[in-house]
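Here is a short report on one protein chain. It moves from the whole chain to its cores and then to one helix pair.

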Amino acid sequence: MTSHSWTRIAFVATFLALVAVLAAGVWRHGYVQALEPLEARGKADLALASDRLMAQLQRHREFAVLIADHPVLAQLHEGGSSQAASAVLLEAADKTSTLTVFYANPEGQVLAASDGVAPETLAAGRYFQRAVTGALGAEQGSTAGFAHRTYSFAAPSFGPDGRVRGVLVAVVDIDDLEEDWRGTQPTVFFTGQDGRVFVTNRSELLSAQLQEDAGLAFADGSRRPAQRRSLAGYDILEQSWSPYIPQRAMVLQAQLPVIDMTGYVMVNVSPALRLARLQAAAVAAVCLFFGALLFLATERRRALAAANLVLEDRVAARTQDLEAVNADLRREVQERQDAEAALKRAQADLVQAGKLSALGQMSAGISHELNQPLMAIRSFADNGSAFLDRGEQDRVARNLARISDMARRMARIIKNLRAFARQESEPVTRVDLAAVIQSAVELTETRLQAADVTLGWVPPPTPIWVRGGEVRLTQVFVNLISNASDAMIGRKQRQLNIQIKNDSQLSVMVADTGPGIKEPEKIFDPFYSTKTIGSADGMGLGLSISYGLVQSFGGTIKGANGDTGGAVFTVSLERWIEEDAA
């Protein structure tokens with residue numbers, strides 16, 4: 001084995017030792033940090049359990065004080081019936097879930113009892129003697145005459161002279177009191193003055209006593225193994241003899257002088273251990289990962305240095321090939337950009353061709369619309385000249401006014417035609433939807449009249465601003481109106497309704513009384529048409545162009561059959577918001 005191999009082995013061993021030490025430190029730090037929230041939660045649980053126990057005992061304490069002054073008990077000192085007093089005590093014990101209640105004189109002689117059973121002597125009890133002196137007495141343990149774990153309250157009863165004439169004793173059954181919270185989480189127990197567990201939610205801990213040597217000693221002399229140690233100021237207990245008690249637990253305690261007990265809670269520290277192990281494993285994994293990378297990098301450095309010369313030769317050879325490939329790629333990119341630009345120009349030309357096609361279809365009607373006012377202007381001019389020779393100035397003025405009206409009408413028609421025919425290149429801007437529809441109606445007015453179509457359209461009183469292009473949006477509605485007019489040819493009823501719905505969604509509905517849409521799912525496909533193939537009526541591009549134009553404004557267009565027949569096209573547009581102009 002070479003010296004280089006021994007060096008590598010020593011380096012790896014040292015690195016692994018450092019990783020182990022670091023992981024151990026991270027584990028301890030993470031474990032201690034994770035115990036802090038567990039301690040806070042354990043203290044809160046212990047406080048809640050302590051308050052619950054004291055509240056339950058307090059209820060019986062108040063019961064003893066209250067029933068001690070009952071009139072029936074007072075009559076016992078004046079020759080009253082013992083049976084009546086026992087019946088009152090029995091009824092009160094049943095209503096309050098008290099184990100037994102009895103009333104005795106200061107000498108300890110029982111005068112009345114709820115169940116007829118009472119200790120023979122009471123005078124020796126400290127809690128009884130405390131009540132005889134006029135104070136409230138309490139005692140934990142097994143009250144004489146009862147096999148249960150009990151907690152007894154002794155309340156004095158004062159006579160008219162202010163002296164204690166009797167003592168009422170209320171005995172609480174601890175087993176019955178524990179019934180409601182036995183088995184709950186976490187493990188909680190309360191020890192008496194002798195240090196043994198008196199109240200708990202884990203029955204296996206009853207009569208146990210925590211020993212300094214870490215064991216658990218029970219009243220019957222038996223012991224249970226347990227290890228108790230301190231970690232960063234925390235009392236940790238480990239045991240394996242009970243599956244219902246945490247295997248590793250943090251032990252917290254609190255003094256309860258009101259009931260003369262000490263409360264304990266055992267908080268499971270397994271989550272803290274898992275978190276600490278996970279942190280230590282993560283740190284170790286990261287260190288090992290980077291250490292392995294460093295080791296591999298060092299080992300491969302020599303191999304890379306040797307291979308570098310070979311690679312340089314290969315790179316030089318490949319560079320020439322890559323330069324040729326890059327030249328081909330740049331040429332292909334340029335070709336695609338040129339194709340995309342040609343496609344955009346073709347789309348714009350297609351839109352313009354659609355508008356010119358629509359103008360061609362409307363040309364005969366438009367010629368009639370322009371020819372009619374021209375003939376009228378000529379007639380009014382000739383008549384005006386004759387009236388002027390006669391000196392009829394009023395009739396000349398009327399003829400001139402009519403000529404002016406005709407000229408305005410022609411100007412309006414020509415303005416709409418020029419606006420519709422021009423190729424719009426401006427971006428999306430603010431457009432008055434009502435004005436656009438009115439312009440489309442005026443452009444198709446002659447066609448509708450020639451087809452004897454009744455138009456239902458009432459412009460709104462105020463502008464409705466939407467996002468779009470005026471010329472392109474006009475073309476959409478010209479296409480919809482023209483298609484509706486063509487669809488109603490030969491129909492008995494020819495009615496076209498245009499309605500703006502300005503609610504949560506701004507939309508325009510164009511409904512006709514034609515035969516409807518045979519295939520609604522294909523209506524916006526390019527070259528789809530219900531007209532004769534190759535006819536001059538269209539190539540099936542009008543609705544496809546309209547679909548693309550509406551989408552370019554951020555809107556939608558849908559075609560469907562109406563409930564009462566005919567086709568209904570709904571154009572939804574986005575409202576213009578002033579922020580859009582920014």
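The chain exposes about 33100 Å², and carbon and sulfur atoms supply 55% of it (Shrake-Rupley method, 1.4 Å probe). This is a predicted model: local features need pLDDT of at least 70, side-chain atom pairs count only at pLDDT 80 or more, and totals for chains, interfaces and linings use all residues. Residues are numbered from 1 along each chain as its sequence is written, and side-chain values use heavy atoms, without hydrogens and water.

The chain has 11 helices and 21 strands (DSSP runs: H or I of at least four residues, E of at least two). Of its 582 residues, 38% count as buried (under 20% relative accessible area, 1.4 Å probe, protein chains only).

Two separate nonpolar cores are listed below. Such a core is a set of buried Ala, Val, Leu, Ile, Met, Phe, Trp, Tyr and Cys residues joined through side-chain atoms within 4.5 Å.

| Core | Size | Residues, including |
|---|---|---|
| Largest | 50 residues | Tyr31, Leu35, Met250 |
| Second | 40 residues | Ile437, Leu480, Leu573 |

Helix H1 (residues 3-67) gives the most to the largest core, with 12 residues. Beyond its neighbours within four places in sequence, Met250 is in contact (heavy atoms within 4.5 Å) with residues including Leu35, Tyr234 and Val265.

Now the helix pair. The axes of H10 (residues 470-487) and H11 (residues 542-552) come within 9 Å. They cross at roughly 145° (lines fitted to C-alpha atoms over the stretch in contact; angles run from 0 to 180 degrees between N-to-C directions). Among the residues making this contact are Leu480 of H10 and Leu549 of H11.
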